[in-house]
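Please open the model in your viewer and keep a selection panel at hand. The tour moves from one selection to the next and says what is there at each stop.

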Amino acid sequence: MILFVMMSAAPIPSSPDLGKAEGLCRPNESGPAFLVSVEGLKDRRGRLKLELYPANDADFLADDNILISQGKVFRRVEETVPSQGAVTLCIRAPGPGVYAISLMHDRDANRKFSLSIDGVGFAGNPKLGLSKPSAATASARVGAAPAHIPIRLNYRRGLFSFGPLER
């Protein structure tokens, strides 16, 4: 008789570098990736953090260390906000398919989201309410070549209002 022991994967230690090596686009690289045009920046300070998740509600915006330890898709790209010009970020996908994508403008570069300071946006540019959008409304499809998508950032605009800046 053979005895199989199933062990659940223990979460790996959390680190801001998780998913970065897998998400990094290289110059002149082809293959599945998202080229994200960042729209609606409030200012040119801080950092931008682009993350790619499985396109389902259970895994969308889940802890990166848990997703990775369970062998699920997670990618991250972080860059300093450029002082001028158009802003485009590139994040690689593991293959063609549909993925949920989030973008955060970490204005104080503290690596934590603050509703009163920071901005956030998602693929598909869903209207934001008091909870996170569904994975279906925050997803985009990529094929064998890079896909261009726009993401408009949303910021707090009042006591209970959160949306794109009015220009």
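Begin by selecting R76, which is found in strand β3, and bear in mind throughout that the model you are looking at is a predicted one. With a relative accessibility of 6%, R76 counts as buried, because the cut-off for that class is under 20%. If you now display the surroundings of R76, leaving aside residues up to four places away in sequence, you will find that it touches S15, P16, D17, L18, G19, K20, G23, K49, L50, E51, D64 and I91.

Two of these neighbours deserve a selection of their own. Add E51 first: the side chains of R76 and E51 meet in a salt bridge, at 2.8 Å from N to O. This pair links distant parts of the chain, since R76 belongs to strand β3 while E51 belongs to strand β2 (residues 47-54), 25 residues apart. Both partners, R76 and E51, are buried.

Next add D64, whose side chain meets that of R76 in a salt bridge of 2.6 Å, N to O. Because D64 lies in helix α2 (residues 64-69) and R76 in strand β3, the pair ties together parts that are 12 residues apart in sequence. D64, at 9% relative accessibility, counts as buried. Elsewhere, salt bridges that share partners join D17, K20, E78 and R111 into one network.

Select K20 and E78 from that network, and look at the side chains, which meet in a salt bridge of 2.8 Å, N to O. K20 lies in helix α1 (residues 20-23) and E78 in strand β3 (residues 75-80), so this pair ties together parts that are 58 residues apart in sequence. E78 has a relative accessibility of 15% and therefore counts as buried. How many salt bridges does the structure hold? There are 11 salt bridges in the structure.

Now turn from charged side chains to rings. A search of the whole structure finds 4 aromatic pairs. For F34 and Y99, the ring centres are 6.3 Å apart and the planes stand at 85°, so the pair is edge-to-face. This pair links distant parts of the chain, with F34 in strand β1 (residues 33-39) and Y99 in strand β5 (residues 97-106), 65 residues apart. F34 is buried, with a relative accessible area of 0%, and Y99, at 8% relative accessibility, counts as buried too.

Then select F60 and F122, which form an edge-to-face aromatic pair, with 5.8 Å from centre to centre and 70° between the planes. Here again the pair links distant parts of the chain, as F60 sits in the loop between β2 and α2 and F122 in strand β6 (residues 119-122), 62 residues apart. Both F60 and F122 are buried. Extend the selection by Y53 and F74, and you have one aromatic cluster formed by Y53, F60, F74 and F122.

For the last stop, select P164, which lies in the segment after β10 (162-163). Is P164 buried or partly exposed? At 31% relative accessibility, P164 counts as partly exposed. Computed along the sequence P164 and N154 are 10 residues apart, while their C-alpha atoms are 4.2 Å apart in space. Leaving out residues up to four places away in sequence, P164 touches R152, L153, N154 and R157.

Notes: Residues are numbered from 1 along each chain as its sequence is written. This is a predicted model: local features need pLDDT of at least 70, side-chain atom pairs count only at pLDDT 80 or more; totals for chains, interfaces and linings use all residues. Side-chain values use heavy atoms; hydrogens and water are left out. Helices (H or I, at least four residues) and strands (E, at least two) are DSSP runs, numbered from the N terminus. Buried means under 20% relative accessible area, exposed over 50%, partly exposed in between (1.4 Å probe, protein chains only). Contact means heavy atoms within 4.5 Å. A salt bridge is a side-chain nitrogen of Lys or Arg within 4 Å of a carboxyl oxygen of Asp or Glu. Rings of Phe, Tyr and Trp (its six-membered ring) pair if their centres lie within 6.5 Å; planes under 30 degrees apart count as stacked, over 60 as edge-to-face and the rest as tilted.
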